[in-house]
Amino acid sequence: MDTARTDDLIAVASLVRSGHATNRGEISRQLGLRSTSVSDLVGQLIAQEVLHENSARGRGKGRPAAVLSFNQQRLGAVFVTVMDQTLVASAVDLDLRVLGQITAAPPMDSDSASIAATLRQLVTETAALFAPQVELAAIVCAMSGLLDVGRKIWCVSARWPQLRNLDLGAALDGFGCPVWLIRNLDAEMAGLRVQENHGPEETALLLHWGHGIGAAYAAGNEVVNRSRGRFCEIGHWGLGNGRGLRCNCGNSDCLETVAGLWAIRSDLAAEFPGLPASEHAIAAHLARMDLRDSRVVQAALSEMLRVTANLCRLLFPDRVILTGPFVQNPEVFSRFVQTLEVAPMLRSLDKVRVSVSDGSAQSELLGALREPLDTALRALVASAPAPAARPLRSARSQGAR
């Protein structure tokens, strides 16, 4: 199918999807297309089950108007990400609604083969959560650590030190759909830019302080090194403090050894009995506590403030977005704001805007899934003649290899 017709089909679907058009007449007026052309386009989209058509009850005489709606469950994606020491797989529709979720917690000493097997099982079980008529359009993995995005390889993750160069494309090739790979912080950064409506030339630094520590940076409407999957692994910057603390990455005296939640959790628990286990639960816990007298938090905060100030001197972002459980505490957040306000080099420029994000999974999900689902929808409408929906049960039968 030619590109112009595909563009028209996507334009029609987008108008209905956004609620800006509910019938052929509105589509014709907004796109400036003849009614016969619109009917042809709508007819194909209905045949492909991208759009549904229902008759509205009319008040007067004559034929009832046909009302169009977008089929949000025409396509689905399995989204896999990492939270703490857990792999989380979600069944997601075209509206980015999470329809169901399954988790697995591979032991820390798991190697590439065992994690690959876990991922295949996760995807199989998560795909089974969709209704039978939903077509699986993509498997999207938002992973931590170092990636080779182009070759779909998960190179290294400090959460599972024995993982090395896991080929996700090969591990998940039995499901009949494309596999996408993105670094989790890059996905979160991309999602936040959309949700917060960042300007096209605005630069932004995302800093995550939680189980691990990392950053992402966006400039010129692009997330830097997103297409590679390797950037700003600040959690594994060497402190040179001579303490000899072993890091999960294999080196010693990394920033995470004194500030990562995985490293200081036991000391925190001694100070704050009953501390929850997960990042999300800890965030709610720490948000309402006075941490000014916490030796553990203050030592970690000192290192994090130094790193953040140095990153700002390197990247000069217009805004800094802080995520993770610690920055949900008002006192901790205010310390970041104060540190950047008094930095001599930064004071000579426009004031850096500092904000905190609650780290909801929606930002990461949006940044990771928007392109894969848009690509899948475009490929679907470009196919001619309209294909029959492929039930997920056919993919499930292939399952884990």
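In this predicted model, a polar atom of the Ser112 side chain lies 2.9 Å from the backbone nitrogen of Arg164. Ser112 belongs to helix α4, which covers residues 112-127. Apart from neighbours within four places in sequence, Ser112 is in contact with Gln162, Leu163, Arg164 and Leu166. Because its relative accessibility is 15%, below the 20% limit, Ser112 counts as buried.

Helix α4 in turn lies across β3, β4, β5 and β6, and runs at about 30 degrees to β4.

**The sheet beneath α4**

These strands belong to an open sheet of five strands with mixed pairing, in the order β5-β4-β3-β6-β10. The edges are held by β5 and β10 (179-183); each has a single partner strand, so one side of each is left without a neighbour in the sheet. From one strand to the next, the twist averages 20 degrees.

Strand β4 (residues 86-93) is mostly covered, with seven of its eight residues buried. On one side, β4 pairs with β3 (residues 75-83) in the antiparallel sense over eight bridges, and Ser90 of β4 is the bridge partner of Phe79. The hairpin of β3 and β4 has two residues between the strands, and Asp84 takes a positive phi near 55 degrees there. β4 is also joined to β5 (residues 98-104), again antiparallel, by six bridges; Val88 stands opposite Thr103 of β5. The hairpin of β4 and β5 has four residues between its strands, and Leu96 in the turn has a positive phi of about 60 degrees.

Towards the β10 edge, β6 (residues 135-143) and β10 pair in the parallel sense over five bridges. Here Ala142 stands opposite Ile182 in β10.

The strand pairs described in this report, including one from the second sheet, are listed below.

| Strand pair | Sense | Bridges | Citation |
|---|---|---|---|
| β3 and β4 | antiparallel | eight | |
| β4 and β5 | antiparallel | six | |
| β6 and β10 | parallel | five | |
| β11 and β12 | antiparallel | six | |

**Helix α6 and its partner α13**

Helix α6 lies across β3, β6 and β10, running at about 85 degrees to β10. Helix α6 (residues 184-195) also packs against helix α13 (residues 361-382) at an angle of about 95 degrees, with the axes 6 Å apart. Since that angle falls between 65 and 115 degrees, α6 and α13 are roughly perpendicular to each other. On the α6 side, the contact is made by Asn184, Ala187, Glu188, Ala190, Gly191, Leu192, Val194 and Gln195. Helix α13 contributes Gln362, Ser363, Glu364, Leu366, Gly367, Ala368 and Arg370.

**The second sheet**

Another open sheet consists of five strands in the order β13-β12-β11-β14-β15, and its pairing is mixed. β13 (222-223) and β15 (353-356) stand at its edges with a single partner strand each, so one side of each is left without a neighbour in the sheet. Within this sheet, β11 (residues 204-209) and β12 (residues 213-219) pair in the antiparallel sense over six bridges, and His208 stands opposite Gly214 in β12.

Two helices pack on this sheet. Helix α10 (residues 295-315) touches β11, β12 and β14 (319-323), and its direction makes about 160 degrees with that of β11. Helix α11 (residues 330-342) touches β11, β14 and β15, and its direction makes about 165 degrees with that of β15.

**Cysteines**

The structure holds zero disulfides. For Cys254, the nearest cysteine sulfur is that of Cys249, 3.7 Å away. This separation exceeds the 2.5 Å limit, so Cys254 is in no disulfide. With 1% relative accessibility, Cys254 counts as buried. Cys312 is likewise in no disulfide, and the nearest cysteine sulfur, that of Cys232, lies 10 Å away. Cys312 is buried, at a relative accessible area of 0%.

**Helix α2 and the chain overall**

At the start of helix α2 (residues 24-31), a side-chain oxygen of Asn23 comes within 3.1 Å of the backbone nitrogen of Gly25. Just after α2, Gly32 takes a positive phi of about 70 degrees.

The protein chain contains 14 helices and 15 strands. Its C-alpha trace spans about 80 × 50 × 40 Å along the principal axes. Of the 401 residues, 49% count as buried. Among contacts with a separation of 6 or more, 64% are accounted for by residues 24 or more positions apart.

How values were computed: Residues are numbered from 1 along each chain as its sequence is written. Side-chain values use heavy atoms; hydrogens and water are left out. A polar contact is a pair of N or O atoms within 3.5 Å; within protein, one must be able to donate a hydrogen and the other to accept it, and residues adjacent in sequence count only if both atoms are side-chain atoms. Buried means under 20% relative accessible area, exposed over 50%, partly exposed in between (1.4 Å probe, protein chains only). Two strands pair if DSSP finds at least two bridges between them. Contact means heavy atoms within 4.5 Å. Axes are lines fitted to C-alpha atoms, for helices over the stretch in contact, and angles run from 0 to 180 degrees between N-to-C directions. Angles under 35 degrees count as roughly parallel, over 145 as roughly antiparallel, 65 to 115 as roughly perpendicular and the rest as oblique.
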